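Let's take a friendly walk through the pockets of this protein. Have the model open as you read.

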Amino acid sequence: MTAYRVMVLAGDGVGPEIVAAAQRVLAAAGERFGFALAYEQGLLGGVAIDELGVPMEDGLAARCRACDAVLLGAVGGPKWDTTEPGKPRPEQGLLGMRKELELFANLRPVRSFAALAANSTIKPDVIAGVDIMVVRELTGGLYFGKRERLADSAYDTMLYTDAECDRLLEYAFGLAAGRRGLLHSVDKANVLESSRLWRAAALRAAAGWPAVELRHMLVDNCAMQLIREPRQFDVIATENLFGDILSDEAAMLTGSIGMLPSASVGAGGVSLYEPIHGSAPDIAGRGVVNPCATILSAAMMLDLSCDQTAAARAVEAAVETALTGGARTADIAAAGEPVLTTDEMTDRVIAALQG
Ligand code: IPM
Ligand code: MG
């Protein structure tokens, strides 16, 4: 039987709970589709700071590279929050991992679930049929530029190279070509020089993809358009921080940030899968977190890293079936709807998967 090696980085807060849920679903998928998974564990985030004093275990990236995929829960929490510039932060582990594995493109598929249409804070007729792929640049920009804290000031740098923009946009155009053939390149080219560099790269990439329509959109307008008329978007390609912010906003089109998965892919090596939501320290350890974003991230892993596309689609369909059958964790329950625990929600997905 085919066996895949997966590095599990459970992380902090709800991380261990959602990863455990995803592993149960993966086991059920393996049983049905005839594959096995072998797991390794690594320390990343606050847990690594607590145990080792650093946000990422030594040699972790190399161990990840030796695996077929990396499944990550979440990192961070108030315990490690600090405004001291020199103190280690859990997020440094995640950013370090993205950088070391060269995961330059972060794919965040935003699909509205019919069963949750009434549960979003946005009107059902606005979100019906939404299917957007946010492609976020993940290893450049403000997250990695030079930064400094001075006596009474501080600065961060949004630096991009042609090569960084080119590879992200090329990847995004490729995705758009396989979808509806529309790419919104989102920037702030009316103000930022780095955005004008980005826009030039978008025009260069477009020349190689004549079947894909390129539209430029300013990021502030995009934030508004996502809520006004989200169906106008197919693929959104944007730089790191813009993508971070827009994808949280876009998550609400699905009803809850607890529904949105992501895949971080790079220059051909190992990819990393994680929900886009954070460690949710306020509900951690109570068994109530919505496991769907991580289960759907695991489905992306089956598809993109394990060549188990049928299993991936079956897991996605199982989540949909569970939702249609009324399964709800607290974050997606409308007033009066019965609320399931993380384990119960996972059971419902597994039951649907087993048919
Ligand atoms: C995300 C998160 C991270 C980011 C944090 C935890 C550093 O918000 O994956 O979107 O900003 O990239
Ligand atoms: Mg974010």
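What follows is a short report on two pockets in a predicted model.

## The largest pocket

The largest pocket holds about 940 Å³ of space. Its lining is made up of 35 residues, and if you want to find the centre, look for R89, E91, Q92, L95 and Y143, which are the closest to it.

Which helix gives the largest share of this lining? That is helix 4, with five residues. Helix 4 spans 90-100, and it is joined by strand 3 (69-74), strand 6 (148-149), strand 7 (154-155) and helix 9 (240-251) in supplying at least two residues each to the lining of the largest pocket.

## Chemistry of the largest pocket

How many residues of each class line the largest pocket? Its lining has 14 charged and 14 nonpolar residues, along with seven polar ones.

## The second largest pocket

Next comes the second largest pocket, with about 330 Å³ of space. Here 20 residues form the lining, and P109, R111, M133, M300 and R313 lie nearest the centre.

Two strands and three helices each supply at least two lining residues to the second largest pocket: strand 4 (105-111), strand 5 (131-137), helix 6 (162-177), helix 10 (292-304) and helix 11 (309-324). Helix 10 provides the largest share, four residues.

## Chemistry of the second largest pocket

In the second largest pocket, the lining counts 12 nonpolar residues, six charged and two polar.

Note on methods: Residues are numbered from 1 along each chain as its sequence is written. Chains are lettered from A and ligands numbered from 1 in the order in which they are written. This is a predicted model: local features need pLDDT of at least 70, side-chain atom pairs count only at pLDDT 80 or more; totals for chains, interfaces and linings use all residues. Side-chain values use heavy atoms; hydrogens and water are left out. On a 1 Å grid over the protein atoms alone, a cavity is a set of points where a 1.4 Å probe fits but cannot get out, and a pocket is an open set with protein on both sides within 12 Å along at least five of seven lines; lining residues have an atom within 4 Å of a point. Grid points are joined across faces, edges and corners, and a volume is the space filled by probe spheres set on the points. Ala, Val, Leu, Ile, Met, Phe, Trp, Tyr, Cys and Pro count as nonpolar, Asp, Glu, Lys and Arg as charged, and the others, Gly among them, as polar.
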